[in-house]
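Reader: Could you take me closely through one part of this model, namely its largest pocket, and tell me which residues line it and which elements supply them? I would also like to know how much confidence the prediction carries.

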Amino acid sequence: MKITINYKFLRQLLRYGTGLSVSCVAGCAAVGPDYTAPQINVPVKWQASLPHGGSTTELLNWWTAFNDPTLIRLLQSAEADSPTLARAASAIATARADREKAEAGLLPRSSLGAGVTRTGSHRLGSAAGDPSTITTNAGAMSTTKSAALDASWEADLFGSVRRSKEGATARLEARGAEWHDARISLAAEVGNEYVNFRACQMLVRSQQSNLDSLRRTADSTRFAVENELTAPAEMTLATAGIANAAASLRAQQAECDLGVKALVALTGINEPDLRQELAAEKPDIPASPDLDVNTVPVQLLSQRPDLVASERNLAAASADIGVAEAQRYPRLSLLGSISVARTETIGIGTSTAPWSIGPSLTLPLFDGGALGAQVASARASYQAALANYQSAVRTAVKEAEQSLVRLDAVSKRSIDIANAARDYRRYFDAAEQNWKAGGISLLTLEEARRNALQAEQVDISTRRDRVLYGISLYKALGGGWQYLDNMKVAGTSQ
């Protein structure tokens, strides 16, 4: 049997539904608040000193300005193989699917079904002369073949679908901003671990140099004790100093090993390969350029992806209020159905093609306050999202201001600390020559050694902190990410 569908009916349904939908979009008001971004009170200018070094760079070029190929390779490896970024990208895909689902609410829905049914009956009887015997005679058999098309189109009278799409779009933009925030946070974390590891290597080198110096002093002391030129207690002091320095060196080496483990977890590079790459470079803390802070605090609202995500979540919460409000209003749908069926019985066939089309109005009457509670819940969620956004803005300004203060303070004291380390080392060198000449005791020499070692370690830590505070400022300023220019995610398109 050949079944045909009346496409004239379908065209009529589509024409009717399209006209109704267009008229609603043009003339039907969407209930709920129309979203506007809130005004947040932030300082009009920075209250902390801004970087003013001779070498400044923009956020976008900051990592390359380190001029450290190893750091750049680690950053690239981390971004290429990061579970955090993969999870954020999956959230984007989910949000995009939700938006497509919301957009589908403006389009008609239809379903097509088909079936074949066979029916018949049997007459029961008994053979003549033998009532215990039952015989059957086949009755009439019929076959029915049918196909049906059902379609519906709900008019978005009060903006439920439009608000749903609005909220889904805002959430998609929020997930995209969160991806960029995760990317910036990942880069900052890799940079922190790398700088800490280089500083650790320098501290190991300093500890090793100190241990070697102590051993040379012990050899000289042993010679003096054996020749009764000094008291045996001097040798005891020398060996105690060696044991203490060796223990400190092992503890520092363990810290470096922990740093390698952290970089392996962040970058996904095999540990032997990573150790080989890190060992190929001379252990030194990369010199970071000063950031060119040419923005004002209010520009953080468009420069930090976490703030963009928070504001977009607020917009989505506002749209949810409209969705909840629309559920309290009537719903108008256009329903249509067409079917064809053919039944054949003993060679005789009959065909039917019934169809129907018309509007359906649904009005919520009694729900025990459930719909009102949904609206109240949506409004409460909006207030919570607003509070989160306000808190995020204040936190962003605080983080940037604190990073500026720390960076300024460490920059000012770094020169004095470097000079102190240099002079303590010179004093120790002079004291060592004086000790060899018998002018001072070993105890005095060891005090000079401790001062020189401590000053050198403080200098290394200060150099490290200056870079770490720069990285903190880089992250606090949004990492060069711009919302309007950078809403594309690697491997995806919005």
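Author: What follows looks at the pocket and then at the chain around it. The model is a predicted one, and its largest pocket has a volume of about 670 Å³. Of the 33 residues that line this pocket, those closest to its centre are G105, R109, S160, V161 and S164. Several elements contribute to the lining, with at least two residues supplied by each of the helices α3 (83-104), α4 (160-226) and α8 (305-326), and likewise by each of the strands β5 (142-155) and β7 (331-345). In character, the lining divides into 15 nonpolar residues, nine polar ones and nine charged ones.

Turning to the chain that holds this pocket, one finds ten helices and nine strands, and 38% of its 494 residues are buried. Among the contacts with a separation of 6 or more, 85% are between residues 24 or more positions apart. The accessible surface of the chain comes to about 27000 Å², and 53% of that surface belongs to carbon and sulfur atoms.

As for confidence, the chain averages a pLDDT of 82, and 84% of the residues score at least 70. Two stretches call for care when the model is read: pLDDT stays under 50 over residues 1-10, where the model has 16 contacts beyond four places in sequence, and pLDDT also stays under 50 over residues 484-494, where the model has 19 such contacts.

Note on methods: Residues numbered from 1 in each chain as written. Predicted model: local features only at pLDDT ≥ 70, side-chain atom pairs only at ≥ 80, totals over all residues. Heavy atoms only, no water. Helix = DSSP H or I, 4+ residues; strand = E, 2+ residues; numbered from the N terminus. Buried < 20%, exposed > 50% of the residue type's maximum accessible area, 1.4 Å probe, protein only. Contact = heavy atoms within 4.5 Å. Areas by Shrake-Rupley, 256 points an atom, 1.4 Å probe, with all protein chains shown as cover. 1 Å grid on protein atoms, 1.4 Å probe; cavity = no way out; pocket = protein on both sides within 12 Å on 5 of 7 lines; lining within 4 Å. Points joined across faces, edges and corners; volume = space filled by probe spheres on them. Nonpolar A, V, L, I, M, F, W, Y, C, P; charged D, E, K, R; others polar. pLDDT = per-residue confidence, 0-100.
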